[in-house]
Amino acid sequence: MSGSDIAGLIAAGAFVVLVVLLAVPIIKLGKVFDELRKSIRDVADGTTPLIGEVANTVATTNDQLKKVDTITNNVSDATANVSALSSLIAATVGKPLIKAAAFTEGVKAAMNTKPSGKARRSR
C-alpha cells in the first residue's frame, strides 16, 4: 500500500464520518416534518366540526334577530299609538281644562278686588 492509497482511505473515512454527521440532522429534520404534517392534519380535523358549529350558531343568531326585529316593529307601532292617544287626550281634555283654569283664575281675581273709597259717587 502506497501513501496515496492510505491518503485515499483516510479521505474516504473522513467522507463517511461527514455523511454520518450530516445524516443525523437530516433524520431529525424528517421527524420535525412528520410532526408538522401530523399537527396540520389535527388542525384540519378539528376545524371542520368547528366550521359546522359556527354555521349553526350564525343560523340560530339570525333567527333570534328576526324575532327581535318583529318585537321592535311591534314596540314602534305601540309607541305611535300611545303618541296619537296622548295627542287626542291633550286636544280633547287639555283645552277645556285650560279654559276652566283661566275662568277660575279670573273669578278669583274678581273676588279679591276691593272697592276703593275714591270711586265716583252716583248722584
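Visitor: Which residue forms a salt bridge with arginine 37?
Guide: This is a predicted model. A salt bridge needs a side-chain nitrogen of Lys or Arg within 4 Å of a carboxyl oxygen of Asp or Glu. Here the closest N and O atoms are 3.4 Å apart. The partner of arginine 37 is aspartate 34.

Visitor: How many residues apart are arginine 37 and aspartate 34?
Guide: Both lie in helix H1. Their spacing is about one turn of the helix. Arginine 37 and aspartate 34 are three residues apart.

Visitor: How many salt bridges does the structure hold?
Guide: Arginine 37 and aspartate 34 form a salt bridge. The count for the structure is one.

Visitor: Is aspartate 34 buried, partly exposed or exposed?
Guide: Buried means under 20% relative accessible area, and exposed means over 50%. Aspartate 34 has 41%, so it falls in between. The class of aspartate 34 is partly exposed.

Visitor: Which backbone oxygen does the side chain of threonine 48 reach?
Guide: Threonine 48 lies in helix H1. Threonine 48 is exposed, at 57% relative accessible area. Its side chain still has a protein partner, at 3.1 Å. That partner is the backbone oxygen of alanine 44.

Visitor: Why does isoleucine 26 count as exposed?
Guide: Isoleucine 26 sits in helix H1, which covers residues 3-112. The cut-off for exposed is over 50% relative accessible area. Isoleucine 26 passes because its value is 59%.

Visitor: What is the area of the nonpolar surface patch that includes Ile26?
Guide: Ile26 shares the patch with Phe15, Leu18, Val19 and Leu22. Together they make a nonpolar surface of about 510 Å².

Visitor: Which residues does UniProt list as "transmembrane region"?
Guide: The listing comes from an unreviewed entry. In the model, the listed stretch is 100% helix and 0% strand. Its end C-alpha atoms are 31 Å apart. UniProt gives residues 6-27.

Visitor: What is the radius of gyration of the chain?
Guide: The chain has one helix and zero strands. Its C-alpha atoms fill a box of roughly 175 × 40 × 15 Å along the principal axes. A compact globule of 123 residues would have a radius of gyration near 14 Å. The chain has 51 Å.

Visitor: What percentage of the 123 residues is buried?
Guide: To count as buried, a residue needs under 20% relative accessible area. The accessible surface of the chain comes to about 11200 Å², with 68% belonging to carbon and sulfur atoms. The buried share of the 123 residues is 0%.

Conventions: Residues numbered from 1 in each chain as written. Predicted model: local features only at pLDDT ≥ 70, side-chain atom pairs only at ≥ 80, totals over all residues. Heavy atoms only, no water. Patch = residues over 30% accessible without salt bridge, like charges linked within 9 Å, V, L, I, M, F, W, Y side chains within 5 Å. Areas by Shrake-Rupley, 256 points an atom, 1.4 Å probe, with all protein chains shown as cover. Helix = DSSP H or I, 4+ residues; strand = E, 2+ residues; numbered from the N terminus. Buried < 20%, exposed > 50% of the residue type's maximum accessible area, 1.4 Å probe, protein only. UniProt positions renumbered as here; feature names shortened; annotations may be inferred. Rg over C-alpha atoms; globule rule 2.2 N^0.38 Å. Polar contact = N/O pair within 3.5 Å; in protein donor to acceptor, adjacent residues only side chain to side chain.
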